[in-house]
Amino acid sequence: MSYTIAVRALCEFTAKQGDLDLRFTPTPTAQEGIEGHAIVTSRRDDGYEREVSLAGDFGPLHVRGRADGYDPRQNQLEEIKTYRGDLARQPANHRILHWAQLKVYGHLLCAARGLPALRLALVYFDIGTQKETVLAEDADAATLRAFFEEHCGRFIAWAEQELAHRTARDEQLRALRFPHDDFRPGQRQLAEAMFKASARGCSLLAQAPTGIGKSIGSIFPMLKASAEHCLDKVFFLAAKTSGRSMALGAVETIKRSAPLLPLRALELAAKTTACENPDKACHGESCPLAQGFYDRLAGARAAALQLPMLDRAAVREVALAHQVCPYYLQSELVRWADVVVGDYNYYFDISAMLYSLTQMNGWKVGVLADEAHNMVSRARKMYSAEMDHVRLRVLRKTAPEALRKPLDRVHRQWSALEKEQEGAYACHAALPEKFMAALQNACSEIGDYMAEHPAWFDADVLDFYFNALLFGRLGESFGEHSLFDIEISDGGRGAAAGRVNSVLCIRNILPAPFLKQRFEAAHTVALFSATLSPWNYYADTLGMPEGSAWVDVASPFEAQQLQVHIASHISTRYQHRERSLAPIAALMGEQYQRQPGNYLAFFSSFDYMEKVAELFAARHPDVPLWRQERRMDESARDAFLARFRTGGEGIGFAVLGGSFGEGIDLPGDRLIGAFIATLGLPQINPVNEQIKARMESAFGAGYDYTYLYPGLQKVVQAAGRVIRTTSDQGTIHLIDDRFARPEIQALLPAWWQVAARNFSA
Ligand code: SF4
């Protein structure tokens, strides 16, 4: 059995030493890097070979990679690195790493072509001046071989340990049995669909109802697939902390049932929560946990891999014991973990760590995305960027003197855009060239300033810088999948000078073109949720590849568990709201008198909710009620939910699509019914109307993809709070005449049986 490793990964393991240093030398964007490489290679003679694939073996090690370029006429092998700023300030350990990579490529090339010697050239390309600095040295094949063997030798003990781990892991996984006596209804169907998708190497959309045990029902088959289909890793991604905790719980259950299974499971925490020194910058001169990071990493890595579970607390404990940064230790541990649990953004975001490591190392991965109905909105946010003029105005006064000019240039271009605009909102077909050029220039200047002032740290400037970099990066791939819009807060032209403010947004509305590559890079991706209908909406907007599978797991619940009533005599349309208050309050009162207990009532807005709650309280003062507040913190949310006691009585008023419309679990008589007085349709506004137009031209389904499907998805999620187990009984009132329409009812879960006669009609 051989162990395959990329040249870069090998050198990072064996040649990286000293401080962690995330100062930005070099600082080019990915696009600038690609263009820089292209410029350098275009300057070379005919016959110059680009992206030379190379591989070689040492014992069980198989080392592979692509050298940037080889000039056979001069017998010169080149490694090209783009940078910005002062090359002399580049940390020494970066340079050592670059040389190590080049020497390994040098050996692989000599061995492949029988060369006795060659010239190695590190080509540093300055993005700003477009000048090359070439550091070259001659090397003979024997020296390069010795270098290669020495580095492989340093890695081989680790590789052998990893091979032994993998063999033991896969043996145990092949023998692994489901950790419970039996599958729950529906759970086997879900597990089989996941395993089959992995066998076919395709992606899967799985609609699977609540309560069937989706975490274990997805992780178990993917672990079995890891052994059968040679998966290197499983990534379990979730939108919320609760989903990640359930996944870690499922892994623990599996591990308890198979004590010999050497499975390494790692939880990824966000930088904001994992960072121990938020007032410091990530380099050795500022943060003590970055100082000497690579010198102490080996000890921390070895200690971490002895632990049974690498959750956030465990990683932190090991990191602090070895005085290394917990956040960057977890990034390192991804390389050696079998299961990684984290937020969606670690794989799907524009600069996602799990995705880039997968690409770089050629890993074969299975990706599980829980509560995937959130993916459309989350992915749109990942590929959008927003800039607020107010923040730039403040920065022009507080930023270092040297940065004021470039920031002023951005400000001038921005103000010109505001002056040109007639109304409060404008959507543009193209990006404003002069503004984007000024922004790019400001980024370059800030990058240079940071390189020249290593000890300098200003959180506001850095915030602006990263945001502007993202804006620029999204600008490079701007197209039909996104809008560029400007919102002026005071209505535009005519306001007093200095009072105009605007927000610029590159707003992704169709994440499919971005996510497509993410799906393609994985062996299999399974998206699952209780609400993924209609599947074509998710497949189209998320860019699921051709040939993706779809499974609708039968619900374990019986129609008689849930009474579904439609109040078709009420309209909740905006213009009918006032008229709807009394009949809604009456319907709720009737239901409550008939069957007292705990209920949730959902409305489209706080305003609507308040009006119904006030009327209901006046007419039914004996019924306890409690309301969702705007911006509730965690303890307030917990207090709201704590009122749903077993055997309790009362009505919780909430807003659809908020904290209580999904992800809460109130089984048994903690919740016996729900009133849903809205179709959940997003507001009609200029942005949504733009989305509608684009969805119409892309899929011929503008209204459905913009309003109807996202709205009904929220309704079904909220209604899903009522029946959580096969012994639950409950009632749902869908309040609006449109719920009676066949096309709306077609979007409700198949196991629901809508009452033949409408309640209270
Ligand atoms: S502890 Fe915080 S500041 Fe220090 S290296 Fe880690 S993330 Fe950066």
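## A guided tour, starting at Asp338

Begin by selecting Asp338, which counts as buried because its relative accessibility is 6%. Keep in mind as you go that this is a predicted model.

**Stop 1: two salt bridges on helix H4**

What does Asp338 form with Arg169? Show both side chains and you will find a salt bridge, with the closest N and O atoms 3.0 Å apart. This pair links distant parts of the chain: Asp338 sits in the loop between helix H11 (326–333) and strand E10 (339–343), while Arg169 belongs to helix H4, 169 residues apart. Arg169 has a relative accessibility of 1%, so Arg169 counts as buried.

Stay on helix H4 and select Arg166. Its salt-bridge partner is Asp232, and here the closest N and O atoms are 2.9 Å apart. Again the pair links distant parts of the chain, with Arg166 in helix H4 (residues 141–175) and Asp232 in the loop between helix H6 (214–228) and strand E8 (233–238), 66 residues apart. Arg166 counts as buried because its relative accessibility is 18%, under the 20% cut-off for that label.

**Stop 2: helices H15 and H16**

Now select Arg393 and Glu418. They form a salt bridge whose closest N and O atoms are 4.0 Å apart. The two lie 25 residues apart and link distant parts of the chain, Arg393 being in helix H15 (residues 389–398) and Glu418 in helix H16 (residues 401–420). With a relative accessibility of 5%, Glu418 counts as buried.

For a joined set, select Arg8, Glu12, Arg301, Glu332 and Arg335: salt bridges that share partners make these residues one network. If you would like to list every such pair, the count comes to 39 salt bridges.

**Stop 3: strands E12 and E15**

Select residues 385–388, which make up strand E12. Which side chains of this strand are buried? Ala385 and Met387 are, and they point to one face; Glu386 and Asp388 point to the other and are not buried. Next add residues 502–508, strand E15: the two strands run antiparallel and are joined by four bridges. To see one partner pair, pick Glu386 together with Cys505 in E15.

**Stop 4: Asp458**

Move on to Asp458, in the loop between helix H17 (433–452) and helix H18 (459–476). Asp458 has a relative accessibility of 17% and therefore counts as buried. Draw a distance from its side chain to the backbone nitrogen of Val461, and you should read 3.2 Å. Then try a C-alpha to C-alpha distance from Asp458 to Glu558: the two are 59 Å apart in space and 100 residues apart in sequence.

**Stop 5: the nonpolar cores**

Select Phe155, Tyr347, Phe348, Phe471 and Leu734. These touch the most other members of the largest nonpolar core, which has 187 residues. What does Phe155 touch, leaving out residues up to four places away in sequence? Show Tyr3, Ile5, Leu10, Phe13, Thr14, Leu61 and Trp336 to see its contacts. Another core, of 43 residues, lies apart from the largest one; Ala247, Ala250, Ala258 and Leu263 are among its members.

**Last stop: the domains**

Zoom out and colour the protein chain by domain: domain 1 is 3–155, domain 2 is 181–381 + 516–552, domain 3 is 386–512 and domain 4 is 559–756. Finish by comparing centres over C-alpha atoms: those of domain 1 and domain 4 are 59 Å apart.

Technical notes. Residues are numbered from 1 along each chain as its sequence is written. This is a predicted model: local features need pLDDT of at least 70, side-chain atom pairs count only at pLDDT 80 or more; totals for chains, interfaces and linings use all residues. Side-chain values use heavy atoms; hydrogens and water are left out. Domain bounds come from an automatic or database domain assignment. Buried means under 20% relative accessible area, exposed over 50%, partly exposed in between (1.4 Å probe, protein chains only). Two strands pair if DSSP finds at least two bridges between them. A polar contact is a pair of N or O atoms within 3.5 Å; within protein, one must be able to donate a hydrogen and the other to accept it, and residues adjacent in sequence count only if both atoms are side-chain atoms. A nonpolar core is a set of buried Ala, Val, Leu, Ile, Met, Phe, Trp, Tyr and Cys residues joined through side-chain atoms within 4.5 Å. Contact means heavy atoms within 4.5 Å.
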